[in-house]
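Walk through this structure from its domains to its strands. The text below takes the elements in turn, so keep the display open while reading.

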Protein chains: 2
Amino acid sequence: MSDFGLSPHPSLLLTAVPNIPDIQPNDDLAGLILAALGAADLTVQTGDILAIAQKIISKAEGRLVNLTDVVPSERAEEVAAQVDKDPRLVELILAESDEISRMRPGVLVVRHKLGFTSANAGIDRSNVGAADGEERVLLLPVDPDASAQRIRQAICDRLGVDVGVIITDSHGRPFRLGTVGVAIGAAGLPALWDRRGEKDRYGYELQHTDVGVADEIAAAAGLLMGQAGEGLPVILLRGLKLPPSEGKAADLVRPKELDLYR
Amino acid sequence: MSDFGLSPHPSLLLTAVPNIPDIQPNDDLAGLILAALGAADLTVQTGDILAIAQKIISKAEGRLVNLTDVVPSERAEEVAAQVDKDPRLVELILAESDEISRMRPGVLVVRHKLGFTSANAGIDRSNVGAADGEERVLLLPVDPDASAQRIRQAICDRLGVDVGVIITDSHGRPFRLGTVGVAIGAAGLPALWDRRGEKDRYGYELQHTDVGVADEIAAAAGLLMGQAGEGLPVILLRGLKLPPSEGKAADLVRPKELDLYR
């Protein structure tokens, strides 16, 4: 693949890495991704970005929880009754959260300990695989920015290339219907890109000085991940020019006191 | 360009259409875009999606307003004093809006008549071009879904190909820092993609049943539009498989009474 895809014009190419295996706890995820890339005849280059679905990170990090092992607290029982959900699931949601943002029957929106606001603290049951009939759910990675950095570092160690990594999830959002891909982890790129001082074509300073570039990448990757029943968890993006940065997805969390949109 | 870019794997290729001229009121925008595509040796095919920056739609539709022509109302003067903005600009913002969502010095977030919540009703001064020293601002298109449909229809009429069109803007959002591309107009694609009933690889029903696919496309296009000081207003996207649909960006506006994220 050339730097600009097939075209002499500025372009971005997103490619789904095929045949990512079903990930198990303690799998060497970076190694498996590199093997899948190689088997598909895909290369990674410095400047490429890998967008990885949260689910396979969580699986590799052993974040599967068997609901039969969960004993709900009294508080979880109370909330579960109000939202009409499994008290064991609610116990896990509350343990992952700083505060409840909204609840009503069928809905439990919380502020996750990682800072973002989402339904069910990002815990879900789909794509977990329960052949034995046990009820497992998958929690988010403990520190997705660190997970992204580990994968970035492992790829650098093995191939000597400097890639960006983002870890994506799908969130609902205020004001607008439909879920979109968002970055819950990032490494090696300006997740929040400060463009202050840059001028537009007429010499005016750009008004939108901070761009949520990691979320835009996650949304772009979400388009392709969603093309196969969530079966495409790793997307390779080529062609995006970004300044070097040690940005993190945590940079994208808007401090409550600065939130003028709520 | 092949259907899947350079790769035998599922992929998306986004290409910036170069040399879009400075758009003037009443320009034939579809014609100018097709001419720029042709000059760049780019083709459009059925199934392609064109993402077009709101600014050039607004310019073609004559939505430039000279601030010297605006007489602020008493209400606009009051609000302007509170938010420390030009009363004439505030007059335009209020005229474009249903309600004020939040105000404080320097900040005026409103619910636009089109349904979305954004700073300054999407009105901005950058990229407008005021060589004569006059102060012009650019309002959003009156009906961006209709604008998208007109461009889609014009391309169909001239080339016989069936493309999707989205009109994009950059919005800030609650909970998260940084602006991201969002779809304020759409035609010829499921802007809000209802995936209910689809199963994941383990046979579980997908939990996120409604995907904000037009916003994901807008975010992806935003990555590339942002690569050149807002000088790349038209992006051609190839490779996305979507069901036929007469979706609109208005489908993405979350009714207030369903908004559990606020």
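Two strands are taken as paired if DSSP finds at least two bridges between them. With that cut-off in hand, the bridge partner of Ile49(B) in strand 12 of chain B is Leu237(B). The model is a predicted one.

Strand 2 of chain B is a useful place to start. This strand, residues 49-53, is mostly covered, with 5 of its 5 residues buried. The side chains alternate: Ile49(B), Ala51(B) and Ala53(B) point one way, while Leu50(B) and Ile52(B) point the other way, and all of these are buried. Strand 2 of chain B has pairings with two strands described here. With strand 12 (residues 234-238) of chain B, the pairing is antiparallel and has 4 bridges. With strand 8 (residues 164-171) of chain B, the pairing is parallel and has 5 bridges. In that second pairing Ala53(B) has Thr168(B) of strand 8 of chain B as its bridge partner.

Chain A can be read next, beginning with its division into domains. Domain 1 of chain A takes in 13-63 + 140-255, and domain 2 of chain A takes in 64-138. The centres of these two domains, taken over C-alpha atoms, are separated by 25 Å. Where they touch, domain 1 of chain A contributes 15 residues and domain 2 of chain A contributes 11 residues. On the side belonging to domain 1 of chain A, the elements giving two or more residues are helix 2 (54-60) and strand 8 of chain A. Helix 2 of chain A supplies the largest share of that side, 3 residues. By residue class, the same side of domain 1 of chain A divides into 5 nonpolar, 4 polar and 6 charged residues.

Strand 8 of chain A, one of the contributors to that contact, spans residues 164-171 and is mostly covered, with 8 of its 8 residues buried. Gly164(A), Ile166(A), Thr168(A) and Ser170(A) point one way from the strand; Val165(A), Ile167(A), Asp169(A) and His171(A) point the other way; all are buried. Which strands pair with strand 8 of chain A, and in what sense? Strand 2 (residues 49-53) of chain A runs parallel to strand 8 of chain A and is joined to it by 5 bridges. Within this pairing, Ile49(A) stands opposite Gly164(A). Strand 9 (residues 180-187) of chain A pairs with strand 8 of chain A in the antiparallel sense, over 7 bridges. There, Thr168(A) has Ala183(A) of strand 9 of chain A as its bridge partner.

The last part of the tour is another sheet in chain A. It is an open sheet of 3 strands in the order 4-5-6, with antiparallel pairing. Strand 4 (97-104) and strand 6 (117-119) of chain A are at the edges; each has a single partner strand, so one side of each is left without a neighbour in the sheet. From one strand to the next, the twist averages 25 degrees. Strand 5 (residues 107-112) of chain A is joined to strand 6 of chain A by 3 bridges, and the two run antiparallel. Arg111(A) stands opposite Thr117(A) in strand 6 of chain A. Helix 3 (residues 74-83) of chain A lies across strand 4 and strand 5 of chain A, and runs at about 30 degrees to strand 4 of chain A.

Conventions. Residues are numbered from 1 along each chain as its sequence is written. Chains are lettered from A and ligands numbered from 1 in the order in which they are written. This is a predicted model: local features need pLDDT of at least 70, side-chain atom pairs count only at pLDDT 80 or more; totals for chains, interfaces and linings use all residues. Axes are lines fitted to C-alpha atoms, for helices over the stretch in contact, and angles run from 0 to 180 degrees between N-to-C directions. Two residues are in contact if their C-beta atoms, placed from the backbone, lie within 7 Å. A residue is buried if 20 or more other C-beta atoms lie within 10 Å of its own, exposed if 12 or fewer, and partly exposed in between; C-beta atoms are placed from the backbone. Domain bounds come from an automatic or database domain assignment. Ala, Val, Leu, Ile, Met, Phe, Trp, Tyr, Cys and Pro count as nonpolar, Asp, Glu, Lys and Arg as charged, and the others, Gly among them, as polar.
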